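Here's a friendly walk through one protein model and the molecule it holds. Have a look at the sequence and the 3D view first, then read on.

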Amino acid sequence: MADSTSKKSFLRVFDGEAVSPPPIWMMRQAGRYLPEYRAIRANIPSFLEFCYSPDAASEVTLQPLRRYNFDAAIVFADILVIPDALGQEVAFKEGEGPVLEPIRTLEEMSILDVDRVEEALTPVYETLKILSREIPETTSLIGFAGAPWTVALYMVEGRGKTEGERARDWAYSAPQEFHKLIDILVEATSRYLIQQVKAGAEVLQLFDSWAGALSVEQFRELVIEPNRRIVEKVRAACPGTPIIGFPRNGGVLIPEFVEKTGVDGVSLDHSVPLDWAVDNISDNCVLQGNLDNRLLVVGGDAMNRGIDTILEQTKSRPFAFNLGHGIVPQTPPEHVGQAMDRIRGLSS
Ligand code: CP3
């Protein structure tokens with residue numbers, strides 16, 4: 001008979017258990033800091049094509065697991081596959097990041113076709129199916145999508161490296177128009193996540209990386225409400241699949257985000273004091289985070305102190321260790337291994 005410890009440690013925290021040491025995974029754990037990732041990337045000119053190649057995408061998802069024995073694997077894909085699947089032109093340019101044909105009017109929005117999304121993203125479900133067979137049995141499989149506001153920001157701005165000024169202005173000046181875009185994204189994202197669960201994803205994360213760019217009013221309208229609707233739709237179709245929110249830089253509004261969206265877990269950026277989070281975020285919600293990704297670049301004592309503080313502050317709570325934001329390309333791979341050993345108590 002299965003006892004509680006035979007269950008994957010990342011899933012146990014969602015049953016309310018304060019697992020010690022906590023399960024560990026890291027945002028962007030697959031990526032350019034790994035030479036074996038760069039070797040595969042060099043052979044595929046288009047980043048989106050890479051995301052749609054199940055063999056290559058599953059291979060790079062597995063790479064960090066071979067090195068570090070993470071407790072969870074996040075499927076290799078990107079949040080901008082949704083605008084691509086909706087019919088918007090999306091490209092990733094070397095040294096520049098994403099470039100999209102911007103959508104700034106109702107007429108431009110009319111090209112988006114929500115009915116294409118589920119089928120267009122079949123390669124991602126294929127990647128998940130391969131991974132469900134190939135990951136170690138103690139490892140959980142995470143599916144993900146961008147949350148509507150963050151994806152809309154890229155769709156409207158047409159590129160990264162902005163604070164979403166045009167998108168925010170549009171949402172203030174013509175809320176009905178902007179809400180049409182959000183509604184399309186709520187529907188597309190919900191359908192996509194449900195298919196990911198059917199293909200083997202055991203946990204889902206919704207990335208709202210630009211949540212912190214918004215005013216209080218817009219945060220409620222464009223972050224909380226759309227995340228809430230997605231949680232409701234996905235939960236109705238996939239009861240029992242934990243959903244993690246990531247309202248990055250949401251600050252004091254994070255407890256309200258958790259309360260109103262009903263997420264099962266919340267990923268915290270590095271600006272959130274964890275003792276405050278423990279006191280102010282509902283006990284039913286798993287906390288995840290929040291090591292500064294710069295500490296993985298720096299390593300050594302500073303990194304160790306950061307890790308020890310997090311472990312101390314979260315020991316009474318169901319908690320999953322992670323970063324406050326993704327691993328950056330300059331990170332020395334050996335620092336990731338040293339961090340894992342520190343978290344697991346395997347080094348002094
Ligand atoms: O390991 C994982 O975390 C899974 C894969 C993953 C990627 N992107 C791969 C990727 C995930 C979860 C994402 C999420 C993502 N993508 C977010 C939300 C999280 C965050 O970081 O805030 C956002 C905003 C994007 C959009 C995006 N994708 C940008 C702005 C860029 C360019 C910047 C960059 O780092 O190059 C990407 C490209 C991207 N997505 C890469 C990877 C590994 C690098 C592209 C390459 O290898 O050439």
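## The ligand and its surroundings

Let's start with the ligand: 22 residues sit around it, and R28, R32, Y37, S209 and H325 come nearest. Keep in mind that this is a predicted model.

What kinds of residues make up that shell? They split into 14 nonpolar, 4 polar and 4 charged. As for where they come from, α2 and β3 each supply at least two residues of the shell.

Now zoom in on atoms. The table lists contacts between the ligand and N or O atoms of the protein.

| Residue | Part of the residue | Ligand atom | Distance |
|---|---|---|---|
| Q29 | backbone N or O | oxygen | 3.3 Å |
| R32 | side-chain N or O | oxygen | 2.6 Å |
| D78 | side-chain N or O | nitrogen | 2.7 Å |

On its own, the ligand has 860 Å² of accessible area, and the protein covers 87% of that.

## The pocket it sits in

Which space does the ligand take up? It occupies the largest pocket, and about 1500 Å³ of space lies in there. The lining of this pocket is made of 44 residues, with R28, R32, D78, F92 and P98 nearest the centre. You've met some of these names already: R28 and R32 are also among the residues that come nearest to the ligand, and the side chain of D78 makes one of the contacts in the table.

By type, the pocket lining has 24 nonpolar, 10 polar and 10 charged residues. Several elements chip in: α2 (35-41), β2 (90-93), β3 (97-100) and α9 (148-157) each give at least two residues to the lining. Which of them gives the largest share? That's α2, with 3 residues.

## Some backbone oddities

Away from the ligand story, a few spots in the backbone are worth a look. S20 and P21 are joined by a cis peptide bond, with omega at about -5°. You'll find P21 in the loop between α1 (9-13) and α2.

Another cis peptide bond runs from G289 to N290, and here omega is near -25°. Where does N290 sit? Its place is in strand β8, which covers residues 286-291.

Finally, check out N69. This residue isn't a glycine, yet it has a positive phi of about 60°. N69 belongs to the loop between α4 (54-68) and β1 (72-74).

Definitions and conventions
Residues are numbered from 1 along each chain as its sequence is written. This is a predicted model: local features need pLDDT of at least 70, side-chain atom pairs count only at pLDDT 80 or more; totals for chains, interfaces and linings use all residues. Side-chain values use heavy atoms; hydrogens and water are left out. On a 1 Å grid over the protein atoms alone, a cavity is a set of points where a 1.4 Å probe fits but cannot get out, and a pocket is an open set with protein on both sides within 12 Å along at least five of seven lines; lining residues have an atom within 4 Å of a point. Grid points are joined across faces, edges and corners, and a volume is the space filled by probe spheres set on the points. Helices (H or I, at least four residues) and strands (E, at least two) are DSSP runs, numbered from the N terminus. Ala, Val, Leu, Ile, Met, Phe, Trp, Tyr, Cys and Pro count as nonpolar, Asp, Glu, Lys and Arg as charged, and the others, Gly among them, as polar. A residue is near a molecule or strand if one of its heavy atoms lies within 4 Å of it. A polar contact is a pair of N or O atoms within 3.5 Å; within protein, one must be able to donate a hydrogen and the other to accept it, and residues adjacent in sequence count only if both atoms are side-chain atoms. Accessible areas come from the Shrake-Rupley method with a 1.4 Å probe; for residues, only the protein chains shown count as cover. A molecule sits in a cavity or pocket if more than half of its atoms lie within 2 Å of its grid points.
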